[in-house]
Amino acid sequence: MERKEISKSVLKRLPGYLAYLKSLPDGSSPNISATALANALGMGEVQVRKDLAMVCDGGRPKIGYPREMLIDAIEQFLGYDNTTDAVLIGAGRLGQALLGYGGFAAYGLNILAAFDANPVSSQTEDGKPIYHMDQLEAYCRSHKIRMGIITVPIQHAQSVCNQLIACGIKAIWNFAPTHLEVPANILVQHENMAMSLAVLSMHLQAQMKK
């Protein structure tokens, strides 16, 4: 189907639909309706129906969507069938944990290498190379890297961000708990673990009072 303009909020919901569809056990119905998907995920039926219409036109009244076709449509829309090469800056514990996570391949992400101002080794236990920051620009240029992942301490995040942009990076996945100033053509996705923890803590406090 023709690719449509889609909001960030929809993009954030699509992986949830995909994860649920893939989690259904063997022997489940080959079709699934927007209503069933909404009920399973605790979401509004109208919202789910609109979201799915953005990525797949195969839904049928009273039948729903062929499940495998819907999975393929979402994966293609999200680009999971096209591998994106990335570099990671900050080879500390968090950085090395991300480097060693093999599940990113299912989402079309391939972290080729890590870079650090003071690398303590030349590679991870899994054999991923770790280079000094001095080699970042040459590596990004030669490998045509367009995505960077930041896992450095907060005080270094902006300078690392600036370096990545100077190397031709167009998208940044930021794990440092700080806002990054970037040009309008650069997309930054923040993973704020402190914010997530605050939400969970507030939920727990509310539950304890009941």
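## Phe115 and its surroundings

Phe115 is buried in this predicted model, with a relative accessible area of 0%, a value that falls under the 20% cut-off used for burial. Leaving aside residues up to four places away in sequence, Phe115 touches Val87, Leu88, Ile89, Gly90 and Ala91, and it also touches Tyr131, His132, Met133, Gln135, Leu136 and Tyr139.

Several of these names return when the nonpolar interior is considered. In soluble globular proteins, nonpolar side chains tend to be buried together. The largest nonpolar core here has 22 residues, and those with the most contacts inside it are Val87, Ile89, Phe115, Leu136, Ile150, Leu164 and Ile172. Strand E3 (84-89), strand E4 (109-116), helix H6 (136-143) and helix H7 (157-166) each supply at least two residues of this core, and the largest share, four residues, comes from H7. Apart from this core lies another, of 21 residues, which includes Leu18, Val48, Val55 and Phe77.

The ring of Phe115 also takes part in aromatic pairing, of which the structure holds six pairs. With Tyr131, the ring centres are 5.4 Å apart and the planes stand at 40°, so this pair is tilted. That pair links distant parts of the chain, since Phe115 belongs to strand E4 and Tyr131 to strand E5 (residues 130-132), 16 residues apart. Tyr131 itself is partly exposed, with a relative accessible area of 25%, whereas Phe115 is buried.

With Tyr139, the ring of Phe115 again has a centre-to-centre distance of 5.4 Å, but here the planes are at 70°, so the pair is edge-to-face. This pair, too, links distant parts of the chain, with Phe115 in strand E4 and Tyr139 in helix H6, 24 residues apart. Tyr139 counts as buried, at 12% relative accessibility. Elsewhere among the aromatic residues, ring pairs link Tyr101, Phe104, Trp173 and Phe175 into a cluster.

Helix H7, which gives the largest share of the largest core, also carries Gln163. At 34% relative accessibility, Gln163 counts as partly exposed, because that value lies between the limits of 20% for buried and 50% for exposed. Not counting residues up to four places away in sequence, Gln163 touches Met133 and Leu136, and these two residues are also among the contacts of Phe115. The C-alpha atoms of Gln163 and Glu137 are separated by 8.1 Å, although the two residues are 26 residues apart along the chain.

From the cores and ring pairs, attention can pass to the pockets. The largest pocket has a volume of about 1100 Å³, and of the 25 residues that line it, the closest to its centre are Pro15, Leu78, Tyr80, Met147 and Gln189. The elements that give two or more residues to this lining are helix H1 (8-23), strand E7 (171-174) and strand E8 (187-190), with the largest share, seven residues, coming from H1. By residue class, the lining divides into 15 nonpolar, five polar and five charged residues.

Terms used
Residues numbered from 1 in each chain as written. Predicted model: local features only at pLDDT ≥ 70, side-chain atom pairs only at ≥ 80, totals over all residues. Heavy atoms only, no water. Core = buried A, V, L, I, M, F, W, Y, C linked by side-chain atoms within 4.5 Å. Buried < 20%, exposed > 50% of the residue type's maximum accessible area, 1.4 Å probe, protein only. Contact = heavy atoms within 4.5 Å. Phe/Tyr/Trp six-rings, centres within 6.5 Å; stacked < 30°, edge-to-face > 60°. 1 Å grid on protein atoms, 1.4 Å probe; cavity = no way out; pocket = protein on both sides within 12 Å on 5 of 7 lines; lining within 4 Å. Points joined across faces, edges and corners; volume = space filled by probe spheres on them. Nonpolar A, V, L, I, M, F, W, Y, C, P; charged D, E, K, R; others polar.
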